[in-house]
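Grab a coffee and work through a few short exercises on the fold you're about to see. Try each task by eye before reading the solution.

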Amino acid sequence: MVSLSSVSLFPPSTGHGASRSTKFAAADARAISSFYARQSNERRKAVCACVASPRNLMSDESSAIKFNGSSKSEHLNTIGDTEDDSDVLIECKEVYKSFGEKKILNGVNFKIRHGEAVGIIGPSGTGKSTVLKIIAGLLAPDKGDVYIRGKKRAGLISDEEISGLRIGLVFQSAALFDSLTVRENVGFLLYEQSRMSEDQISELVKESLAAVGLKGVEDRLPSELSGGMKKRVALARSIIYDTTNDSIEPEVLLYDEPTAGLDPIASTVVEDLIRSVHIKGRDALGKPGKIASYVVVTHQHSTIKRAIDRLLFLHKGKIVWEGMTHEFTTSTNPIVQQFASGSLDGPIKY
Ligand SMILES: Nc1ncnc2c1ncn2[C@@H]1O[C@H](COP(=O)(O)OP(=O)(O)OP(=O)(O)O)[C@@H](O)[C@H]1O
């Protein structure tokens, strides 16, 4: 899944989008069948429920900085101090995952709250993308639980109707459907799932593209776009939604290495776009962003600095450090220090 690219994951239509499906199948049968084949066991449904009011991000003083596998924030340790979890959108509790004999996640704990911009960092192969897939409901943990707005997910997201939250996953590479136009790529899920007319979808596609600073590219094919433009198209695809649906749910967007392979300036554009679609930002049209929270997996310093407020450091299957972004470079944790400096000496061995 990671090798695909940016898309909000919803199951394909079983009904009213059939004629459009046929059109798309003809347009790019190979890409789409491969897409759904990959998703057949992994696809997710839109989920929904009530929205907690945004709360302030943790202040510097209360930010969580705990090591050795504990991800509890300091003030959780205070007797009688109970944390208000009414704004927690996603929680991973003691999540374990192995692939064959290979143990990847070994008791991962964290919460994503409404309004947060969270980064997951850590050495290559440590399981960051796996965490994203688990919270997106594309992979099931071997042990441990994922809670969506306080409700325990029973299995994969496709196994049930959980309501209250949409979760979009923006993949590492663009993975746009090569033989579909930008319009068809961005509007794909609406063509497939909604009852909206082609004109309405076209209008929404235009708006979504404008929100990420792209104009007049609707009729182009992905091959006619630069890498940075493809990532922006992918982002437009992840933020589009059915405006005729009465119950608009909050959305958490998960980005897997959104700036990988981009030059520094193109990275800045994407980082600012990620910020702009967040509720605390303003999109390219100056409209307030709609994404409740987002989680970014990245190795890029610029992305950490520009697009992320709070960091989770994953190492050897656990969150070994968490704190605000500005604390990352001043941390005395040897794992963090080594990672921040890129030194070969330290507890992280390759
Ligand atoms: N479906 C799978 N089957 C078998 N092994 C897998 C599968 N998915 C991931 N892995 C393995 O799990 C480990 C963690 O992979 P993951 O992609 O989550 O790491 P990562 O931290 O995102 O890495 P990177 O920073 O290099 O992208 C790797 O060793 C990978 O080969």
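The exercises below deal with a predicted model.

**Exercise 1.** Work out the strand order of the four-stranded open sheet, then find its edges.

*Solution.* Start with the order: the strands run β3-β2-β5-β6, with antiparallel pairing. Next, look for strands that pair on one side only; these are β3 (102-113) and β6 (151-152). Now zoom in on β2 (residues 88-99), which is joined to β3 by nine bridges. To check the register, pick Cys 92 and you'll find Phe 110 of β3 opposite.

**Exercise 2.** Find out which strands helix α2 touches, and what the helix gives to the ligand shell.

*Solution.* Take the packing first: α2 (residues 128-135) sits on the sheet and touches β2, β3 and β5 (143-148). The direction of α2 makes about 125° with that of β2. Then move to the ligand, which has 10 residues around it. The closest are Phe 99, Ser 124, Lys 128, Ser 129 and Thr 130. Three residues of the shell come from α2, the most any element gives. Finally, sort the shell by class: six polar, three nonpolar and one charged.

**Exercise 3.** Decide whether the residues of β7 (residues 166-170) are buried or exposed, and find the partner strand.

*Solution.* Count first: five of the five residues in β7 are buried. Split them by side next: Arg 166, Gly 168 and Val 170 point one way, while Ile 167 and Leu 169 point the other. Both sets are buried. Last, the partner: β8 (residues 251-256) pairs with β7 in the parallel sense over five bridges. There, Leu 169 stands opposite Leu 254.

Technical notes
Residues are numbered from 1 along each chain as its sequence is written. This is a predicted model: local features need pLDDT of at least 70, side-chain atom pairs count only at pLDDT 80 or more; totals for chains, interfaces and linings use all residues. Two strands pair if DSSP finds at least two bridges between them. Helices (H or I, at least four residues) and strands (E, at least two) are DSSP runs, numbered from the N terminus. Two residues are in contact if their C-beta atoms, placed from the backbone, lie within 7 Å. Axes are lines fitted to C-alpha atoms, for helices over the stretch in contact, and angles run from 0 to 180 degrees between N-to-C directions. A residue is near a molecule or strand if its C-beta atom, placed from the backbone, lies within 6 Å of it. Ala, Val, Leu, Ile, Met, Phe, Trp, Tyr, Cys and Pro count as nonpolar, Asp, Glu, Lys and Arg as charged, and the others, Gly among them, as polar. A residue is buried if 20 or more other C-beta atoms lie within 10 Å of its own, exposed if 12 or fewer, and partly exposed in between; C-beta atoms are placed from the backbone.
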